[in-house]
Amino acid sequence: MKTGLKITAFAAAVAATFGTAYGVGKGVGPVTAGEHKTAGHAEGGHAQGAGEAEEARDGHAGHDTSATGAAAAPGGLQISERGYTLDLRTRRIAAAGERTGLSFAITKDDTGRKVTAFRTEHGKQLHLIVASRDLTVYRHLHPARAADGTWKTPVELPKAGGYRVFADFTPRAQKEGLTLGADLSVAGKYAPQDLPAASRTAGAGDGYEVRLGGDLGAGSASELTLSVTRNGKPVTDLQPYLGSYGHLVALRSGDLAYLHVHPNKGGPGPEVSFTATAPSTGTYRLFLDFKHDGAVRTAEFTVHAGQSAGDRPKEHGH
């Protein structure tokens, strides 16, 4: 039963920059359990372009977490950044529960051309996250890229309302990764949900449960552990998923600022350990993906950065 997997790739300055790629939910604190959604993991294939094999050996090189002076804007809040734009072709889905093709491209602002050269990060050239505005629906997708730079993936969203689409990638010409965001809507009657109430545990279906240990205060680094059990027994043989034994995405409630996180080498369980600093007080949703017995599962938590478990009442819908 190893504890391993500490994220140490971000410096103190990263605590003030929510849009970098490492440092687990810098908005992590006491948590609340969410419902498991097995449909959240959809592999849309992966088109491997020339030079990708070389980039795959770079590992996590694409995301620079060093201090850069002024704090950068949180990830996912902008559709364009540093000369790149997320061109989301699919802006509206006709009906909830309908399997639909999602199409988009990353374009270069100075030419308008589609980008076709990307670094490989955590086994993929691009990670696509789709989340509902009330943070109760989450999908982690890996679309396929055509030779002309168009990305496509199927998606099925269970309810009507507003969603945010996040493209997490590193252009081959860049050393730092980017997370761009765009809005997506699903037609139909919308009924926003409350965030789940506070709890130290979250179910992940089929007898799996994840327990959080540790509290985080805003502005200070702390350690937290996520322990996986099945039917009350520790899971000591987690399988690698995207090159690690745990994969985290954190979204800030209200503006949906985005943070994509992977632990360092270690494992295989039952505990996955992270060190993180919340950049500010506030409420976040934390999504832990892990793989066991050939299936990827998600444990979902609501996080109140800067407050202990009993300090905050239940959050209401947006």
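This passage describes the overall make-up of a predicted protein model and then three local features of its backbone.

In secondary structure, the protein chain comprises 21 strands and one helix. Of the 318 residues in the protein chain, 52% are buried. The contacts tell a story about sequence separation: when those between residues at least 6 apart in sequence are considered, 73% join residues at least 24 apart. Turning to the surface, the protein chain exposes about 12,400 Å², and 49% of that area is supplied by carbon and sulfur atoms.

A helpful place to begin a closer look at the backbone is the peptide bond between Gly269 and Pro270, which is cis, with omega at about 5°. Pro270 sits in the loop that runs between β18 (258–261) and β19 (271–277).

Two further residues are worth a visit for their phi angles. Leu135 is not a glycine, yet its phi is positive, at about 60°. The loop between β7 (126–132) and β8 (138–142) holds Leu135. Because its relative accessibility is 0%, and buried means under 20%, Leu135 counts as buried.

Asn231 likewise has a positive phi, about 55°, and is not a glycine. This residue belongs to the loop between β15 (221–230) and β16 (233–234). Here the relative accessibility is 62%, so Asn231 counts as exposed, the cut-off for that class being over 50%. Taken as a pair, Leu135 is buried, whereas Asn231 is exposed.

Notes: Residues are numbered from 1 along each chain as its sequence is written. This is a predicted model: local features need pLDDT of at least 70, side-chain atom pairs count only at pLDDT 80 or more; totals for chains, interfaces and linings use all residues. Side-chain values use heavy atoms; hydrogens and water are left out. Helices (H or I, at least four residues) and strands (E, at least two) are DSSP runs, numbered from the N terminus. Buried means under 20% relative accessible area, exposed over 50%, partly exposed in between (1.4 Å probe, protein chains only). Contact means heavy atoms within 4.5 Å. Accessible areas come from the Shrake-Rupley method with a 1.4 Å probe; for residues, only the protein chains shown count as cover.
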